[in-house]
Amino acid sequence: MFSFKNLAKKSVRSSPAYSSARSIVQNAKIFLDANENSSGSVLPEISGVDLSRYPDPLAQKLRVEFGKFAGVPAKKVLVGNGSDEIIWLIFLAFVEADEEVLTFAPTFSMYRTFANLLGLRVREVPLETNFALDTDNFLKKISAKTKLIFLCSPNNPTGQVLPLADIEKILARGKIVVLDEAYIDFAPEKSSARLLRKYPNLIILRTFSKAWGLAGLRVGVALADPAAIAILQKVRAPYSVDALSQKLALDALARSAKMRTTVKKILAEKVRLVDNLRKLKLTVFPSDANFVLTKFPTKISATRVQKKLLQNFGIVVRDFSNKKLLANCLRITVGTAAENSKLLAALAKILK
């Protein structure tokens, strides 16, 4: 039977968890436990937040409200300092030096970056030339040493959603599966959060940086079995999500209708952007995210185009030409109508 408690690293299982007084007290009125400045902050309150006090270390209110939004109980929610922190915590909590991480390529680079920093082995299975995952081949790469599997859906930088049936086939192998849904709010498919009831080995990552438009706050969320949440809480630094970020993320959740309206606007603008990029004789791959992967003809260097956009027009796009399967490709975020028009005009000048 699957159990996160047995899968935590030995050092994590044997280490006592740090506990601040704030994480266990309730209904207190006078706080003399954390050596804060009792005279208050040099700044006034911002959005009703007293900056002289440490934040809720567990972000309890945000866990409850995001759980309501995602359709899961608060005990299955972890709030982190962006999804990046949660990815780091997952590596810290579960993967021993002699175990390996499995993912596909190309995908979000931070999986490999964090694994490399920790000296962990990463096995990458190449996607098909159309960026689909050969699930049967992927399943063959799962071995006794595989501890952790990362799946990104919609995938960054290709933009495709993984079929739910394929995700379930991978989950059925009983390994820890991290499903990164940073861009799921832009996709026609719904989140796979409902799978948490069936698969205790699933960890889902969500973020406020994309559809919610709050990249500057650095707030990410994990949805997982309560046992996994407890282990991740154990390895994290206390107070990693500041009080102002918690408050503003709560305010954003109260405006979920506006988020959905913004997403519809972005998706409509994506259609216009894609149509006009194709008129420039560029290959634009299908995308279920707020970006498009664009391939340039062989005779035109995508790297050169990227540099000219920046130097001559002040426009930044991402060059992926040195990545597997992405030769001569740029990733372009869907901007505002005005930004996209300027990009298209700049590309027309560069390509003429």
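Start by selecting K76, and show the residues around it: leaving aside those up to four places away in sequence, K76 touches L196, A222, L223, A224, P226 and I229. What you have open is a predicted model, so treat this as a walk through a prediction.

**Stop 1: a lysine without a partner**

Stay with K76 for a moment. You will find K76 in the loop between α3 and β1 (77-80). Is K76 buried or exposed? K76 is buried, and yet K76 has no salt bridge. Select D225 as well: D225 is the nearest side chain of opposite charge, and lies 5.8 Å away. A salt bridge here needs a side-chain nitrogen within 4 Å of a carboxyl oxygen, so the 5.8 Å to D225 does not qualify.

**Stop 2: a pair on helix α3**

Other charged residues in the model do find partners. How many salt bridges does the structure hold? There are 13. Side chains of opposite charge can pair when their charged atoms come close.

For one such pair, select E65 and K68. They form a salt bridge, with the closest N and O atoms 3.3 Å apart. Both sit in helix α3 (residues 60-70); because E65 and K68 are 3 residues apart there, about one helical turn separates them. Turn on the surface to compare the two: E65 is partly exposed at 32% relative accessibility, while K68 is exposed at 58%.

**Stop 3: a link between two strands**

Next, select E100 and R121. Their side chains meet in a salt bridge, 3.3 Å from N to O. This pair links distant parts of the chain, with E100 in strand β2 (residues 100-105) and R121 in strand β3 (residues 121-126), 21 residues apart. E100 is buried, with a relative accessible area of 2%, whereas R121 is partly exposed at 47%.

Now add R123 to the selection. Which residues are linked with R123 in a network of salt bridges? The network joins R123 with E100 and R121.

**Stop 4: a pair on helix α9**

Move along to D251 and K247. Here the side chains meet in a salt bridge of 3.0 Å, N to O. Where does this pair lie? Both residues belong to helix α9 (residues 243-253), and they are 4 residues apart, about one turn of the helix. D251 is partly exposed, with a relative accessible area of 24%, and K247 is partly exposed too, at 28%.

**Stop 5: a buried leucine**

Now select L277, in helix α10 (residues 256-279). At 0% relative accessibility, L277 counts as buried. What does L277 touch? Not counting residues up to four places away in sequence, the contacts are L282, V284, V292, T294, I332, L344 and L347.

Try a distance label from this residue. Between the C-alpha atoms of L277 and K234 there are 48 Å, with the two residues 43 apart along the chain.

**Stop 6: a closed space**

It is time to look at the gaps between the atoms. Rolling a probe the size of a water molecule over the atoms shows where empty space is left.

A search of the whole structure finds 1 cavity of 30 Å³ or more. The largest cavity has a volume of about 40 Å³. To see its walls, select D56, P57, L58, A59, V79, R236, Y239, S240, V241 and Q246. Colour them by class and you get 6 nonpolar, 2 polar and 2 charged residues.

**Stop 7: an open pocket**

For an open space, visit the second largest pocket, which has a volume of about 640 Å³. Which residues lie nearest its centre? Select T107, F108, S109, N156 and R331, which belong to a lining of 31 residues. At least two lining residues come from each of α4 (82-94), β2, α5 (110-117) and β11 (329-333). By class, this pocket's lining has 12 nonpolar, 9 polar and 10 charged residues.

**Last stop: an exposed lysine**

Finish by selecting K198, in the loop between β5 (176-180) and β6 (202-207). K198 counts as exposed, at 57% relative accessibility, unlike the buried K76 where the tour began. For a last distance label, pick the C-alpha atoms of K198 and V271: they are separated by 36 Å, and the residues are 73 apart along the chain.

Definitions and conventions. Residues numbered from 1 in each chain as written. Predicted model: local features only at pLDDT ≥ 70, side-chain atom pairs only at ≥ 80, totals over all residues. Heavy atoms only, no water. Buried < 20%, exposed > 50% of the residue type's maximum accessible area, 1.4 Å probe, protein only. Lys, Arg positive; Asp, Glu negative; His and termini not counted. Contact = heavy atoms within 4.5 Å. 1 Å grid on protein atoms, 1.4 Å probe; cavity = no way out; pocket = protein on both sides within 12 Å on 5 of 7 lines; lining within 4 Å. Points joined across faces, edges and corners; volume = space filled by probe spheres on them. Nonpolar A, V, L, I, M, F, W, Y, C, P; charged D, E, K, R; others polar.
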